2 protein chains.
Amino acid sequence: MNLISSKDDLLFAVLTVQRAVAQKSPLPILSGIKFKAEADQLFVTATDLEIGIQCSVKAEIIEDGSAVLPSKYITELIRRLPDVPIFIKSDPFKGNVTVKYSHSETIINGFPVDEFPNFILPAGNITLNIPEDIFKEAVKKVVFAVGTDENRPIFTGVLLEINDGQMQLAATDTHRLAWQKLNIANIDETEIKIVIPGKTLNELSKIIGRPEKFVKITLTSNQVLFTTEDVSLISRLISGEYPHFRQVIPQEPLSRVRLKTKDLIAAAERADLLNPEGSSVIKMQVQDNVLVVSVNAVAGRAYEEMSVFQEGEPVQVAFNARYLVEMLKVTGSEEIDIEFTGPLSPGVIKPVGEAGYLSLLLPVRIREE
Amino acid sequence: MNLISSKDDLLFAVLTVQRAVAQKSPLPILSGIKFKAEADQLFVTATDLEIGIQCSVKAEIIEDGSAVLPSKYITELIRRLPDVPIFIKSDPFKGNVTVKYSHSETIINGFPVDEFPNFILPAGNITLNIPEDIFKEAVKKVVFAVGTDENRPIFTGVLLEINDGQMQLAATDTHRLAWQKLNIANIDETEIKIVIPGKTLNELSKIIGRPEKFVKITLTSNQVLFTTEDVSLISRLISGEYPHFRQVIPQEPLSRVRLKTKDLIAAAERADLLNPEGSSVIKMQVQDNVLVVSVNAVAGRAYEEMSVFQEGEPVQVAFNARYLVEMLKVTGSEEIDIEFTGPLSPGVIKPVGEAGYLSLLLPVRIREE
């Protein structure tokens, strides 16, 4: 491998793929980043065997070839390179790579190239094209709700379902749930129901997002491939039947409260301050168009009052404040409706003026004082 | 205590004094912040018994009085308050304080006021007035060199010496040293030699810095008091004889190298990347107006070359790269001179065009290859 590139191109490539570098793996090779020069492209790849990311950048290739270098050395070196032409040349016999810039050079010892896992882009039978910015926004609105318990893997994923010409994304950790419907062009004939690891979508959403660009989704029976102009991200899928989450969404609420999102965020965050560590329970009471958020703790008492628009019966319910605040922040909407169906039923949050999205939070049981 | 204030004034006061709140102390009261209303001022105070900070802000005082509240609750509450008039009222019988804003309120349980240590401003026999921005800059340039070993307390402090109408600041951890001379008006009659804890000056430098304002320094036999318009910071002094550091500064260098500060920072940082954790040794060689920084490690080799202006003999010396980079960054000068007196003598760094400052770094002994 022998090539000339720029700091900016190299940095874009390594920063994009390093999200897939294995942090702690018994296989040292997975802490490496693979560089492969071919035709007029430099392909940069990393994988932790769950996710693989490949990024291609244009480069002046003098000789084809490849090398695998420890991510921590090559990434930090590139970050600190001066803005001059960068000459990269591998020595297959010594197993190292020389990075030359101005009159200086750094030689980094590499890993054996043939130990690096193959990165084969699957030829799937189903492909979709979705605007990057729309998919990124939808992912953000559901992925926060995935679970972290590896003993219940299905909840660590996001359901992606397509039928009747509509795409739906859903995630739940059984305490809270987020559900987004999207209208996507040209999916009338498609039928999909897959579960994508939350981590995959989190990493994807850091890569995509440019307006007027499309991300292509390719599916096989056990893998998903996301492709943009210069990046490919492969991930395993999570197997198993996703739970029937629709039935937990209350259909006939007893009351509905409309309020300014940021007012409730501020009140909940202030009230939660007094809670002892490990607890985050706030009480909410709605009556006569007034919502009161309260906490009664050893450290003191919080009483937060705000005007709301109330329909239906008075409400008294307790929530986990941190969960509630996270959900409110994700909605991205100035006003929200919260629907209640009793003190032990979930609260349903819907952004005002935006059909197709809801999030849901189970209440916390508290003793009456 | 009963008063009306604003979020901004309260936040300024608690953020200023919370630097002195004890992080871990067997005395719970020291995790508190004291509020004292008197005349038309609110005095806010915190202390960990080593440092004490008091900040005063104008407030509408309805009733004099005081209260001590846990820093973590009151600071975070104030940070999250809305921008409306804030009503603060203490209940001396219940020992709590009610903070009211709009239609909401938070009641925080306090500490017994009389357990809080007295904050008595010492009436010193020596006072100095120094421009805030000049003193802050001087502190920044020396305080990084203090030691952290509490078994050698004298090295954890900064020497402040005044004689012959000149102020000098010096700090050393015995591996490196920084020395700043300052010309201050009206100190011809003053003779001082004190050692101020590095922590005190670090905290002070976060408080002061406004141009055209003066910080007043008041000295007693064992305390120093810094006073600005609205803040007072008291600290103990470190007792003991400060070492005679001047004799370690080589007076007749064998060679002198002039170079661009940021070039050497970049080269040293890149070369240091390859060093194994815990080591940070780089080799420097100067010959024929070329400086080479090199590292030879298991991970690879770095060779960084830059043009310099050299006077005197060739040089070969090894330094701790992290120490060197920290010193170079602090100089704040585009160009520097480094003076060498042999491979086992300290290197002396002097910013070009700025008399009155130097820093010094002891070399690392390395085996010749």
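## Close-up views of a predicted two-chain model

**View 1. Strand 17 of chain B and its partners.** Let's start with a single pair: B:Thr227 has B:Ser232, in strand 17 of chain B, as its bridge partner. Everything shown in these views belongs to a predicted model. The pair sits within a longer match, since strand 16 (residues 223-227) of chain B and strand 17 of chain B run antiparallel and are joined by 5 bridges. The two strands make a hairpin, with 3 residues between them. Strand 17 of chain B also pairs with strand 4 (residues 51-58) of chain B, again in the antiparallel sense and over 5 bridges. Within that second pairing, look for B:Ile53, whose bridge partner in strand 17 of chain B is B:Leu233. How many of the 6 residues of strand 17 (residues 231-236) of chain B are buried? The number is 5, so this strand is largely enclosed by the rest of the structure.

**View 2. Helix 3 of chain B.** This helix covers residues 132-143 of chain B, 12 residues in total. From its first C-alpha to its last it reaches 16 Å, close to the 16 Å expected at 1.5 Å a residue. Which residues of helix 3 of chain B are buried? They are B:Glu132, B:Phe135, B:Lys136, B:Ala138, B:Val139, B:Lys141, B:Val142 and B:Val143. As you follow that list along the helix, a reminder may help: an α-helix has 3.6 residues a turn, so residues three or four places apart point the same way.

**View 3. Where chain B touches chain A.** Here 27 residues of chain B are in contact with 27 residues of chain A. On the chain B side, the elements giving two or more residues are helix 2 (71-79), strand 9 (104-109), helix 5 (261-273) and strand 21 (300-307). Sorted by class, that side of chain B holds 13 nonpolar, 6 polar and 8 charged residues. Strand pairing also crosses between the chains: strand 9 (residues 104-109) of chain A runs antiparallel to strand 21 of chain B, and 4 bridges join them. To find one of these bridges, pick out A:Ile108 and its partner B:Gly300 in strand 21 of chain B.

**View 4. A sheet built from both chains.** What is the order of the 9 strands in this open sheet? Reading across, it is 23(A)-19(A)-20(A)-21(A)-9(B)-8(B)-7(B)-1(B)-5(B), with antiparallel pairing. The edges are taken by strand 23 (315-320) of chain A and strand 5 (60-63) of chain B; each has a single partner strand, so one side of each is left without a neighbour in the sheet. Ignoring direction, neighbouring strands here are turned by 15° against each other on average.

**View 5. The chain A edge of that sheet, with its helix.** Strand 19 (residues 281-287) of chain A pairs with strand 23 of chain A over 6 bridges, in the antiparallel sense. One residue to spot is A:Gln285, which has A:Gln316 as its bridge partner in strand 23 of chain A. Helix 6 (residues 321-331) of chain A packs on the sheet and touches both strand 19 and strand 23 of chain A. The direction of helix 6 makes about 90° with that of strand 23 of chain A.

**View 6. Chain A and the meeting of domains 2 and 3.** For orientation, chain A has 6 helices and 26 strands, and its C-alpha trace spans about 80 × 55 × 35 Å along its principal axes. Of the 369 residues in chain A, 41% are buried. Among its contacts between residues at least 6 apart in sequence, 67% join residues at least 24 apart. The domain assignment divides chain A into domain 1 (2-115), domain 2 (126-246) and domain 3 (249-361). The centres of domain 2 and domain 3 of chain A, taken over C-alpha atoms, are separated by 28 Å. In this view, 12 residues of domain 2 of chain A are in contact with 11 residues of domain 3 of chain A. On the domain 2 side, helix 3 (132-143) and strand 13 (176-182) of chain A each supply at least two residues, and strand 13 of chain A gives the largest share, 6 residues. That side of domain 2 divides into 5 nonpolar, 2 polar and 5 charged residues.

**View 7. A:Glu241 in its loop.** This residue lies in the loop between strand 17 (231-236) and strand 18 (255-260) of chain A. Is A:Glu241 buried or exposed? With 8 other C-beta atoms within 10 Å, A:Glu241 is exposed, because the cut-off for that class is 12 or fewer. A:Glu241 and A:Leu3 are 238 residues apart in sequence, and their C-alpha atoms are 48 Å apart in space.

How values were computed:
Residues are numbered from 1 along each chain as its sequence is written. Chains are lettered from A and ligands numbered from 1 in the order in which they are written. This is a predicted model: local features need pLDDT of at least 70, side-chain atom pairs count only at pLDDT 80 or more; totals for chains, interfaces and linings use all residues. Two residues are in contact if their C-beta atoms, placed from the backbone, lie within 7 Å. Ala, Val, Leu, Ile, Met, Phe, Trp, Tyr, Cys and Pro count as nonpolar, Asp, Glu, Lys and Arg as charged, and the others, Gly among them, as polar. Two strands pair if DSSP finds at least two bridges between them. The expected span of a helix is 1.5 Å times one less than its number of residues. A residue is buried if 20 or more other C-beta atoms lie within 10 Å of its own, exposed if 12 or fewer, and partly exposed in between; C-beta atoms are placed from the backbone. Axes are lines fitted to C-alpha atoms, for helices over the stretch in contact, and angles run from 0 to 180 degrees between N-to-C directions. Domain bounds come from an automatic or database domain assignment.
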